[in-house]
Amino acid sequence: MKALGPGGIIKSRDEGIIAGLRFMIPFLKYLGFEVITYKHDSDVIRKGDVIMEIIGDGGGRLLAVERLTLNLLSSFLG
């Protein structure tokens, strides 16, 4: 199996209902990342659930985009 390159895993820190993925996924793809989702908007999540994987370096922007994604998803969830 070929390695897909650098990436990051987005996990839940708390319980809740996921929101905002319909905005985040197209944005991440636009920036050149591959996105694998394990949860969808309105899914119930528990602490430690993997929500998505971001694969690629997006022109060297992975860490900044991962932080932005975490911050936006946190604000969508309240």
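Where is the place of Ser42 in this chain? Ser42 sits in the loop between strand 3 and strand 4. Its backbone is a bit of an oddity: phi is positive, about 80 degrees, although Ser42 is not a glycine. Most residues other than glycine have a negative phi. Ser42 is also exposed, with a relative accessible area of 58%. Keep in mind throughout that this is a predicted model.

**The overall layout**

The chain holds two helices and five strands. Read from the N terminus, the order is β-β-α-β-β-β-α. Of the 78 residues in the chain, 32% are buried. The accessible surface adds up to about 5,200 Å², and carbon and sulfur atoms own 56% of that. As for contacts with a separation of 6 or more, 69% of them are between residues 24 or more positions apart.

**Strand 5 and its partners**

Let's start with strand 5, which spans residues 50-55. Strand 1 pairs with strand 5 in the antiparallel sense, over five bridges. Within that pairing, Gly8 stands opposite Ile54, and Lys11 has Val50 as its bridge partner. Strand 3 runs antiparallel to strand 5 too, joined to it by four bridges. There, Glu34 has Ile55 as its bridge partner.

Strand 1 (residues 7-11) shows a neat alternation of side chains. Gly8 and Ile10 point to one face and are buried, while Gly7, Ile9 and Lys11 point to the other and are not.

What does Glu53 contact, once its neighbours within four places in sequence are left aside? The list is Gly8, Ile9, Glu34, Val35, Ile36 and Tyr38. Glu53 itself lies in strand 5 and counts as partly exposed, at 22% relative accessibility. The cut-off for buried is under 20%, so Glu53 at 22% falls outside that class.

**Helix 1, one side in and one side out**

Helix 1 covers residues 21-30. Its buried residues are Leu21, Met24, Ile25 and Leu28. They span an arc of only 100 degrees around the axis, so they are on the same side of helix 1. The face turned away from that buried side carries the exposed residues Arg22 and Tyr30. After helix 1 comes Gly32, with a positive phi near 100 degrees.

Ile25, found in helix 1, is buried with a relative accessible area of 19%. Since buried means under 20%, Ile25 at 19% makes it into the class. Neighbours within four places aside, Ile25 is in contact with Val35 and Thr37.

Two C-alpha to C-alpha distances go with the residues discussed so far:

| Pair | Separation in sequence | C-alpha distance |
|---|---|---|
| Glu53 and Tyr38 | 15 residues | 8.3 Å |
| Ile25 and Thr69 | 44 residues | 9.6 Å |

**The nonpolar core**

In soluble globular proteins, nonpolar side chains tend to be buried together. Here, the largest nonpolar core has 16 residues, and Leu21, Leu28, Phe33, Ile51, Met52 and Ile54 touch the most other members. Helix 1, strand 5 and helix 2 (62-77) are the elements that give two or more residues to this core. Which element gives the most? That is helix 1, with four residues.

Leu28 is worth a closer look. Not counting residues up to four places away in sequence, Leu28 touches Phe33, Val35, Met52, Ile54, Val65 and Thr69. Among these, Phe33, Met52 and Ile54 are also named with Leu28 as core residues that touch the most other members.

**One salt bridge**

Side chains of opposite charge can pair when their charged atoms come close. How many salt bridges are counted in this model? The count comes to one salt bridge. Lys39 and Asp49 form it through their side chains, at 3.5 Å from N to O. Lys39 lies in the loop between strand 3 (34-37) and strand 4 (44-45), and Asp49 in the loop between strand 4 and strand 5, so the pair ties together parts that are ten residues apart in sequence. Asp49 counts as partly exposed, at 21% relative accessibility. The loop that holds Lys39 is also where Ser42 is found, between strand 3 and strand 4.

Conventions
Residues are numbered from 1 along each chain as its sequence is written. This is a predicted model: local features need pLDDT of at least 70, side-chain atom pairs count only at pLDDT 80 or more; totals for chains, interfaces and linings use all residues. Side-chain values use heavy atoms; hydrogens and water are left out. A salt bridge is a side-chain nitrogen of Lys or Arg within 4 Å of a carboxyl oxygen of Asp or Glu. Buried means under 20% relative accessible area, exposed over 50%, partly exposed in between (1.4 Å probe, protein chains only). A nonpolar core is a set of buried Ala, Val, Leu, Ile, Met, Phe, Trp, Tyr and Cys residues joined through side-chain atoms within 4.5 Å. Contact means heavy atoms within 4.5 Å. Accessible areas come from the Shrake-Rupley method with a 1.4 Å probe; for residues, only the protein chains shown count as cover. The arc is that of the directions from the helix axis to the C-beta atoms. Two strands pair if DSSP finds at least two bridges between them.
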